[in-house]
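Trainee: Could we go through this one together? I'd like to see how the labels get assigned.
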Amino acid sequence: MKPAEEMRFVFVCPVRNKIFESSHFSLRDNRGVITDESGNRTLDAKVALHDPCPFCGERHVYHASLLSCPFGG
Ligand SMILES: [Zn+2]
């Protein structure tokens, strides 16, 4: 198990529509794992970047369900 601060997620800049990696983020508004009408389990939380986006300079906030499987496609 790696420490949480070494986890790298893939994010998409919604302004430039480009992909970047960051390990500097934290969970906000974490309500735990929820199950939707289709039986899919997702984390109901927001992911807030600590660092400015390398493309547009904003600190984006994403819903965790959008990032649940960044490498699985
Ligand atoms: Zn951006």
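Trainee: Okay, what order do the elements of the protein chain run in from the N terminus on?

Mentor: They go β-β-β-β-β-β-β, so the protein chain has seven strands and zero helices. Here helices (H or I, at least four residues) and strands (E, at least two) are DSSP runs, numbered from the N terminus. Mind that this is a predicted model, where local features need pLDDT of at least 70, side-chain atom pairs count only at pLDDT 80 or more, and totals for chains, interfaces and linings use all residues. Residues are numbered from 1 along each chain as its sequence is written.

Trainee: Why is R41 called exposed?

Mentor: Count the C-beta atoms: R41 has 10 others within 10 Å. A residue is exposed at 12 or fewer, buried at 20 or more, and partly exposed in between, with C-beta atoms placed from the backbone. Since 10 falls under the exposed cut-off, R41 is exposed. Across the 73 residues of the protein chain, 5% count as buried.

Trainee: Where is R41 found, and which residues does it touch?

Mentor: R41 sits in strand 5 (residues 41-43). Leaving out residues up to four places away in sequence, R41 touches V33 and T35; contact takes C-beta atoms, placed from the backbone, within 7 Å.

Trainee: How do you know that strand 1 and strand 2 pair?

Mentor: Pairing needs at least two bridges found by DSSP, and strand 1 (residues 9-12) and strand 2 (residues 19-22) have four, in the antiparallel sense. So they pair. F9 stands opposite S22 in strand 2. Their hairpin has six residues between the strands, and N17 there takes a positive phi near 60°.

Technical notes
Two residues are in contact if their C-beta atoms, placed from the backbone, lie within 7 Å.
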